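User: I am new to this structure and would like to learn how to read its features one at a time. Could you take me through them, giving the general idea before each case?

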Amino acid sequence: MAINLSEMRRPIESGCPDGMQYMHPVVIRNFGQWKWHVHPRPGVLHHQAKSGDGIWTVKAGTQRILDVHTLRKLCDIGDQYADGHVRFTIRSNIEYMVDDENKVAPLITALEDAGFVVGGTGNSVAFISHTQGWLHCDIPGTDASGVVKAMMDELIDEFKNCNMPNRVHITTSCCQINCGGQGDIAINVQHTKPPKINHDLVANVCERPSVVARCPVAAIRPALVNGKPSLEVDEKKCICCGACYPPCPPMQINDPEHSKLAIWVGGNHSNARSKPSFQKLVAGGVPNNPPRWPEATAIVKNILKVYQSDARDWERVNDWIDRIGWPRFFELTGLPFTKYHIDHWRGSRKSLNSSTYIRM
Ligand code: SF4
Ligand code: SF4
């Protein structure tokens, strides 16, 4: 039978649709033709095009995991006070664009009256980014969005104002191995006990060779337990990373008491003023203490306070620590320094479990 190609359904592509169709007309008209931009106040950017067109962007924080009612409220504000165009940033802030400076103040008033916070631009603490947590993922040891809510409540003035030496990006991550967790300050889960194995379920649920292969320190071996195929863990070798838990849920590692939080600092993707850098551990074994996580929040606030008072203008957290050195960082922040913190000596390949190198 002949196929009529004109009647064939067009393929449905996965992935993001072309963003250009959703852009503000001023952005489309002046794409790639911008002359300058300024930052008239926290939460507002003004871009001016070579054609003479201007566009003002107003940024507001959201709770990231949005319910449909809040989303509708935000969109209604966009329709009424902005030009009907919004976009979400990578840190889950919403941005409105207007083509007239006179629309900026009523838009900010409408947002603030509805309980949203305008800010997050320039040298502020931009909204903390977080991973999916209990809402979407199957392996979290904490609810990253809860940690973010608790911390941002305490850092609201740092979001609304530009009082930091440079911008500060904070991230959270709800397991120890996968997404998230690279920022000026990062709050990541830290497991402190090896997984507990439910031997009755392993044979039914887990593909044992892939679980064995998953362990970065070769601590997992196949074993027969009560006559059934299972696995065993050499607890002396185990670094409690939790990598075996996603492919084998019967190797439960999340624990209300022994899954802690760790705070890392100095990660930077940008190479604007200095090279990108990896973060380093500065506080481990911090209680994973919902619903307000007071211990972790106090450490983050303290690091921010010291950075604010001691860093020079435009130094990111990693630049500041590079200049003053790690001993001074621990001295200024008062955080206890232990042998687990920094390991960048020549022989660290033997002690850092960060490569394919296996310690036997
Ligand atoms: S950080 Fe880990 S637990 Fe959290 S969403 Fe990503 S993979 Fe899941
Ligand atoms: S927690 Fe990590 S180190 Fe320990 S057994 Fe599992 S994969 Fe290996």
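Analyst: What follows goes from the whole chain to the disulfide, the ligands and some single residues. This is a predicted model, in which local features need pLDDT of at least 70 and side-chain atom pairs count only at pLDDT 80 or more, while totals for chains, interfaces and linings use all residues. Residues are numbered from 1 along each chain as its sequence is written, chains are lettered from A and ligands numbered from 1 in the order in which they are written, and side-chain values use heavy atoms, with hydrogens and water left out.

User: How many helices and strands are there in the chain, and what share of its residues counts as buried?

Analyst: Helices (H or I, at least four residues) and strands (E, at least two) are DSSP runs numbered from the N terminus, and the chain has 10 helices and 14 strands. Buried means under 20% relative accessible area, exposed means over 50%, and partly exposed lies in between, with a 1.4 Å probe and protein chains only; by that rule 43% of the 360 residues are buried. Along the principal axes, the C-alpha atoms fill a box of roughly 80 × 75 × 35 Å. Contact means heavy atoms within 4.5 Å, and among the contacts in the chain with a separation of 6 or more, 63% come from residues 24 or more positions apart.

User: Which cysteines form a disulfide?

Analyst: A disulfide is a covalent bond between the sulfur atoms of two cysteines. Here the cut-off is a pair of cysteine sulfur atoms within 2.5 Å, and a search of the whole structure finds 1 disulfide. Cys206 and Cys248 form it, with their sulfur atoms 2.2 Å apart. The pair links distant parts of the chain, 42 residues apart, with Cys206 in the loop between helix H6 (199-205) and helix H7 (208-214) and Cys248 in the loop between strand S11 (228-233) and strand S12 (251-252). The link of Cys206 and Cys248 is right-handed, with 75° about the S-S bond, and both cysteines are buried.

User: Which residues surround ligand 1, and which come nearest to ligand 2?

Analyst: A residue is near a molecule if one of its heavy atoms lies within 4 Å of it. Ligand 1 is surrounded by Thr131, Gln132, Gly133, Cys137, Ile139, Pro140, Ser173, Cys174, Cys175, Asn178 and Cys179. For the classes, Ala, Val, Leu, Ile, Met, Phe, Trp, Tyr, Cys and Pro count as nonpolar, Asp, Glu, Lys and Arg as charged, and the others, Gly among them, as polar; the shell around ligand 1 then has 6 nonpolar, 5 polar and no charged residues. Around ligand 2 there are 14 residues, of which Cys215, Cys238, Cys241, Gly242 and Cys244 come nearest, and that shell divides into 13 nonpolar, 1 polar and no charged. Cys238 counts as buried because its relative accessibility is 17%.

User: Where is a peptide bond cis, and which residues have a positive phi although they are not glycine?

Analyst: Most residues other than glycine have a negative phi, and most peptide bonds are trans. In this model a cis peptide bond joins Pro290 and Pro291, with omega about 5°, and Pro291 is found in the loop between strand S14 (280-286) and H8. Ser92 has a positive phi of about 65° and lies in the loop between strand S4 (86-88) and strand S5 (94-98). Asn226 has a positive phi of about 50° and lies in the loop between strand S10 (220-225) and S11.

User: Are Ser92 and Asn226 buried or exposed?

Analyst: Ser92 is buried because its relative accessible area is 11%, whereas Asn226 counts as exposed because its relative accessibility is 76%.

User: What does Gln308 touch, not counting residues up to four places away in sequence?

Analyst: Gln308, found in helix H8 (residues 294-310), touches Asn163, Met164 and Pro165 outside that stretch of up to four places. Gln308 and Pro165 are 143 residues apart in sequence, yet 6.1 Å apart in space from C-alpha to C-alpha. With a relative accessible area of 32%, Gln308 is partly exposed.
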